[in-house]
Amino acid sequence: MILFLLGIMIIYVFVISWLIYGFTKINRFEYIGLPPKTNFSIIVPFRNEAENLPILLESFSKLNYPTDLFEVILVDDFSNEEFQVSSFKFQVSVAKNIRVSNSPKKDAIATAMEIVKTDWVITTDADCVVHKNWLLALDNFIQLHHVSMVAGAVTYDCQNSFLHHFQQLDLASLQGATIGSFGINKGFMCNGANFAYTKSFFQKLNGFEGNNSIASGDDVFLLQKAIAEYPEKVAYLKSKNTIVTTKPTADWKSLFYQRVRWASKTTSYQSLFGKRLGLIVFLMNFGFVYCFVLTFLGMLPYFFIWVYFLIKFGIDSILIKQTNKFLAKNKIQYLLLSSLWYPFFSTAVALYSLFGKYEWKGRRF
């Protein structure tokens, strides 16, 4: 077993180093000098978001982009109360979600697609805030690159608590893996809170056909389908101008269910690289938990678990720090404590996701 764990450590260090290299291969794009000309439809699925939607819409009103070049389509997924839209200079419409599958969010996006008038669409979430140059930078990138799908970055608006900073470090690792995988031409993951593609490309891919039975994954499965068929049409936009800010969960239970929802998609990945990476990360985290139990029982010397942890902590820190420097304004906090707690948390999430149910927007899946 010790030899197996040593083998996992070597593979893990190699793979994370590869992602770190990939992260550096994606060039930053901050150019916003071209006159805007792309028409966008911003799709926002929501359910009981009366508190968050006004904040998101207010951030849209501050966009450095002509209001006649974008529209906002809010898709109400059976909220308890009807959301009343205020008056804005840009066009805002509200549509009722038409449920046809086990995935409310995929259905919401498909519902919006039926009324979209522009070619380019962007999906984001109701609890987000966008940068003022979000559309302008994306427009300039589209004008300079022949692409049909663009993934962007997401970060958290953290308060000074361990729970919030733990989530930020976890998200930094996921975003680092996302950007790094694009840098080594192995893109397999993105975030639906900042995801753009053309309507014609969506239709060409037959939308979400093939994964409607899975509640989440409106972003990942569509991306993997696109990369499998048209890799040259997909790009990652690494720009501070396009980073979307969202809220961390308010408690550990919500965080656990959120990560279970994310993890439950992994076994259905079309990307072989994504599946293998998920397995390697799980084995590395599970290995630490296993070593901890053996050490606690006196069946393993202390030096081994410390060597194991330091190797993992060292390589993870490089990826997390370079990603957090790009994503966040705040300095990293609780890195050591988070790194000690994370293997236990992620192992529990991974094991539970294989057979357990989770809550999402007041529903169980």
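**Exercise 1. Backbone outliers in loops**

Is Asn185 buried or exposed, and what is its relative accessible area? Determine also where Asn185 is found and what its phi is, then treat Asn48 likewise.

*Solution.* The model is a predicted one.

Step 1. Asn185 has a relative accessible area of 71%. Exposed residues are those over 50%, so Asn185 is exposed.

Step 2. The location of Asn185 is the loop between H5 and S8. Its phi is positive, about 60°, although Asn185 is not a glycine.

Step 3. Asn48 also has a positive phi, near 55°, and is a residue other than glycine. Asn48 belongs to the loop between S1 and H2. With a relative accessible area of 38%, Asn48 is partly exposed.

**Exercise 2. An aromatic pair and its cluster**

Classify the geometry of the pair formed by Phe166 and Tyr342, and state which parts of the chain the pair links.

*Solution.* A pair of aromatic rings is described by the distance of the centres and the angle of the planes.

Step 1. The structure holds 38 aromatic pairs. In the one formed by Phe166 and Tyr342, the distance is 6.1 Å centre to centre and the angle between the planes is 45°.

Step 2. Ring centres must lie within 6.5 Å to pair; planes under 30 degrees apart count as stacked and over 60 as edge-to-face. The pair of Phe166 and Tyr342 is therefore tilted.

Step 3. Phe166 is in helix H5 (residues 162-183) and Tyr342 in helix H11 (residues 335-353). The two residues are 176 residues apart, and the pair links distant parts of the chain.

Step 4. Phe166 has 2% relative accessibility and therefore counts as buried.

Step 5. Ring pairs join both residues to a cluster, whose members include Phe162, Trp252, Phe256, Trp341 and Phe345.

A separate ring contact involves a charge: Lys238 lies over the face of Phe23, at 3.9 Å from the ring centre.

**Exercise 3. Helix H4, the core and the cavity**

Which residues of H4 are buried, and what does H4 give to the largest nonpolar core and to the lining of the largest cavity?

*Solution.*

Step 1. The buried residues of H4 are Trp134, Leu135, Leu136, Ala137, Leu138, Asp139, Asn140, Phe141 and Ile142. Because 9 of the 11 residues of H4 are buried, this helix is largely enclosed by the rest of the structure.

Step 2. The largest nonpolar core has 36 residues, and those that touch the most other members are Phe40, Val44, Phe60, Phe70, Val72, Trp134 and Leu135. Two or more residues come from each of strand S1 (40-46), helix H2 (53-61), strand S2 (70-76), strand S4 (120-123) and H4. H4 gives the most, with 6 residues.

Step 3. The structure holds 1 cavity of 30 Å³ or more. About 60 Å³ of space lies in the largest cavity.

Step 4. Residues lining the largest cavity include Trp134, Leu138, Val150, Asn194, Phe195 and Thr242. Helix H4 (134-144), strand S6 (149-151) and strand S8 (195-198) each give two or more residues to this lining.

Step 5. The lining comprises 7 nonpolar, 3 polar and no charged residues.

**Exercise 4. The second largest pocket**

What is the volume of the second largest pocket, and how do its lining residues divide by class?

*Solution.*

Step 1. The volume of the second largest pocket is about 470 Å³.

Step 2. Its lining has 22 residues, of which Thr155, Thr245, Leu327, Ala328 and Lys329 are the closest to its centre.

Step 3. Strand S7 (154-156), H5 and helix H10 (302-327) are the elements that give two or more residues to the lining of this pocket.

Step 4. By class, the lining of the second largest pocket divides into 10 nonpolar, 8 polar and 4 charged residues.

**Exercise 5. Two lysines**

Locate Lys89 and Lys253, and state the C-alpha separation of Lys89 from Phe60 and of Lys253 from Leu174.

*Solution.*

Step 1. Lys89 is placed in the loop between S2 and strand S3 (91-96). Its relative accessibility is 80%, so Lys89 counts as exposed.

Step 2. From C-alpha to C-alpha, Lys89 and Phe60 are 10.0 Å apart in space, and they are 29 residues apart in sequence.

Step 3. Lys253 belongs to helix H8 (residues 252-263). Lys253 is exposed, with a relative accessible area of 52%.

Step 4. Lys253 and Leu174 are 79 residues apart along the chain, and 20 Å separates their C-alpha atoms.

Key. Residues are numbered from 1 along each chain as its sequence is written. This is a predicted model: local features need pLDDT of at least 70, side-chain atom pairs count only at pLDDT 80 or more; totals for chains, interfaces and linings use all residues. Side-chain values use heavy atoms; hydrogens and water are left out. Rings of Phe, Tyr and Trp (its six-membered ring) pair if their centres lie within 6.5 Å; planes under 30 degrees apart count as stacked, over 60 as edge-to-face and the rest as tilted. Helices (H or I, at least four residues) and strands (E, at least two) are DSSP runs, numbered from the N terminus. Buried means under 20% relative accessible area, exposed over 50%, partly exposed in between (1.4 Å probe, protein chains only). A charge sits over a ring if NZ of Lys or CZ of Arg is within 6 Å of the ring centre and within 35 degrees of the ring normal. On a 1 Å grid over the protein atoms alone, a cavity is a set of points where a 1.4 Å probe fits but cannot get out, and a pocket is an open set with protein on both sides within 12 Å along at least five of seven lines; lining residues have an atom within 4 Å of a point. Grid points are joined across faces, edges and corners, and a volume is the space filled by probe spheres set on the points. Ala, Val, Leu, Ile, Met, Phe, Trp, Tyr, Cys and Pro count as nonpolar, Asp, Glu, Lys and Arg as charged, and the others, Gly among them, as polar. A nonpolar core is a set of buried Ala, Val, Leu, Ile, Met, Phe, Trp, Tyr and Cys residues joined through side-chain atoms within 4.5 Å.
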